[in-house]
Amino acid sequence: MTAMILDGRALAKLLREELRADIQTFVETIGAAPSLAVVKIAGDPASERYARTIRKGCEDVGIAFHDHTLPSDTTQTALEETLNALSLDRAVHGILLHLPLPPGFDANRAIAQIDPRKDVDGVHPYNIGLLAMGQPTMVPNTPAGGMELLLRNTIPIKGKRATVVGRSVVVGKPMALLLLQEHATVTIAHSRTTNLAAVVREADIVVAATGKPSLITGDMVKPGAVVIDFGVNVLEDGRMVGDVDFASVAEVASAITPVPGGTGPVTNVMLLRNVLRAARLQRGEGRE
Ligand code: NDP
């Protein structure tokens, strides 16, 4: 293997230390901790697990965590009322609505109830619009973490060719916009892209966000390219793998994120950082 490992666990640890110090300063100045409300609908084990992870992360850095679990027979109206009330509650700085919602709920209508200044997941159309305009905003956590891995490892981005494979609203598209903001020349590939291998091979920076295990293989990657793998895929034998075939790609890439231990750990810290950002914004400290 020749590629340098972009170690997400180590970076997440460093970012948590930085955040803990920043939150301490905030508390000393304001007299209250930043606070996060997590809204979810009961009955989904994945959302229970995720909420536990977030709660632990909040406790670790000094963010107040509030759980708002609605009963499994809750209605769209009750969900929207909860989000609206939290948006108006001055003691709540960040709101995280667990997605996807169960069948029958309209996620877009629910998201529209969240005050954009409290939208720590960066899913409100206002924040997505600001991101598209290149304005400072709440950036979705997964691509924010990917950028942090690139920037903190001083990977050159300006003028480089980047290919993002995947165009979802929360991962692929915002990642492409963030790379564009850093002056990369960006291509977005997706399931209808013809000759994906050729499109990937053009790139100095390859980003995979497809949910397809080992889609990107070593023969598709330009020697020396930097590879960011957002994929989280659990195989039948229980192993977790990314969208990138790590063994073959690590032979040709200059740097690569492993799965697990790459983008995942950084994502969670980005959420916590957005809570502090939201709290500062609401205390009139303006944009960072
Ligand atoms: P989506 O299913 O919403 O989007 C997948 C994207 O991949 C779509 O744009 C789709 O194209 C494209 N795609 C699917 N198959 C192919 C293919 N064969 N060739 C090219 N493109 C393809 O997934 P998400 O964006 O939500 O998540 C992507 C991955 O990231 C998943 O593995 C998910 O688990 C993971 N993830 C990781 C996080 C982290 O912190 N690391 C957090 C969130 C997600 P089309 O639009 O044409 O359908």
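The following dialogue goes through the sheets, helices, domains and backbone exceptions of a predicted model.

Visitor: How many domains is the protein divided into, and where do they lie along the chain?
Guide: There are two, domain 1 (31-118) and domain 2 (141-264). The bounds come from an automatic or database domain assignment. The C-alpha centres of domain 1 and domain 2 lie 29 Å apart.

Visitor: What makes strand 2 and strand 3 a pair?
Guide: Two strands pair if DSSP finds at least two bridges between them. Strand 2 (residues 35-41) and strand 3 have seven bridges, in the parallel sense, so the pair meets the cut-off of at least two. One of the bridges is between Val38 and Asp67 of strand 3.

Visitor: What is the strand order of the open sheet of three strands?
Guide: The order is 3-2-4, and the pairing is parallel.

Visitor: Why are strand 3 and strand 4 said to stand at the edges?
Guide: Strand 3 (64-70) and strand 4 (94-97) each have a single partner strand, so one side of each is left without a neighbour in the sheet. From one strand to the next, the twist averages 20°.

Visitor: Which helices lie on this sheet, and how do they run relative to strand 2?
Guide: Helix 2 (residues 45-61) lies across strand 2, strand 3 and strand 4, at about 170° to strand 2. Helix 3 (residues 76-88) touches strand 2, strand 3 and strand 4, and its direction makes about 180° with that of strand 2. The angles are taken between N-to-C directions on a scale from 0 to 180 degrees, so a value of 180 describes opposite directions.

Visitor: What is the order of the sheet of six strands?
Guide: The order is 1-11-8-7-5-6, in an open sheet with parallel pairing. Strand 1 (4-5) and strand 6 stand at the edges, because each has a single partner strand.

Visitor: How do you know that strand 1 and strand 11 pair?
Guide: Two bridges join strand 1 to strand 11 (residues 255-256), and the two run parallel. The cut-off is at least two bridges, so the pair qualifies. One of the pairings is Ile5 with Ile256 in strand 11.

Visitor: Which residues of helix 7 are called buried, and what do they pack against?
Guide: In helix 7 (residues 172-181), the buried residues are Gly172, Pro174, Met175, Ala176, Leu178 and Leu179. The term applies under 20% relative accessible area. These buried residues pack against helix 5 (125-133), helix 6 (141-152), strand 5 (161-165), strand 6 (185-189) and strand 7 (205-208). Helix 7 lies across strand 5, strand 6 and strand 7, running at about 170° to strand 5.

Visitor: How do helix 6 and helix 7 pack?
Guide: Their angle is about 35° and their axes are 9 Å apart. The crossing of helix 6 past helix 7 is right-handed. From helix 6, Pro143, Ala144, Gly146, Met147 and Leu150 meet Pro174, Met175, Leu178 and Leu179 of helix 7.

Visitor: What makes one residue of that contact polar?
Guide: The contact divides into eight nonpolar, one polar and no charged residues. Gly146 is in the contact, and Gly counts as polar, so Gly146 is the polar residue.

Visitor: Why is His183 called exposed, but Ser214 and Ala198 partly exposed?
Guide: Exposed means over 50%, and partly exposed means between that and 20%. His183 has 52% relative accessible area, so it is exposed. Ser214 has 29% and Ala198 has 28%, so both are partly exposed. Ala198 is found in helix 8 (residues 196-201).

Visitor: What makes the phi values of His183 and Ser214 exceptions?
Guide: Most residues other than glycine have a negative phi. His183, in the loop between helix 7 and strand 6, has a positive phi of about 70° and is not a glycine. Ser214, in the loop between strand 7 and strand 8 (226-229), has a positive phi near 55°.

Visitor: Where are cis peptide bonds found?
Guide: A cis bond joins Leu99 and Pro100, with omega about 0°; Pro100 is in the loop between strand 4 and helix 4 (107-111). The bond from Val259 to Pro260 is also cis, with omega near -5°. Pro260 lies in the loop between strand 11 and helix 10 (263-282). Most peptide bonds are trans.

Note on methods. Residues are numbered from 1 along each chain as its sequence is written. This is a predicted model: local features need pLDDT of at least 70, side-chain atom pairs count only at pLDDT 80 or more; totals for chains, interfaces and linings use all residues. Side-chain values use heavy atoms; hydrogens and water are left out. Helices (H or I, at least four residues) and strands (E, at least two) are DSSP runs, numbered from the N terminus. Contact means heavy atoms within 4.5 Å. Buried means under 20% relative accessible area, exposed over 50%, partly exposed in between (1.4 Å probe, protein chains only). A crossing is left-handed if the near helix is turned anticlockwise from the far one by less than a right angle, and right-handed if clockwise.
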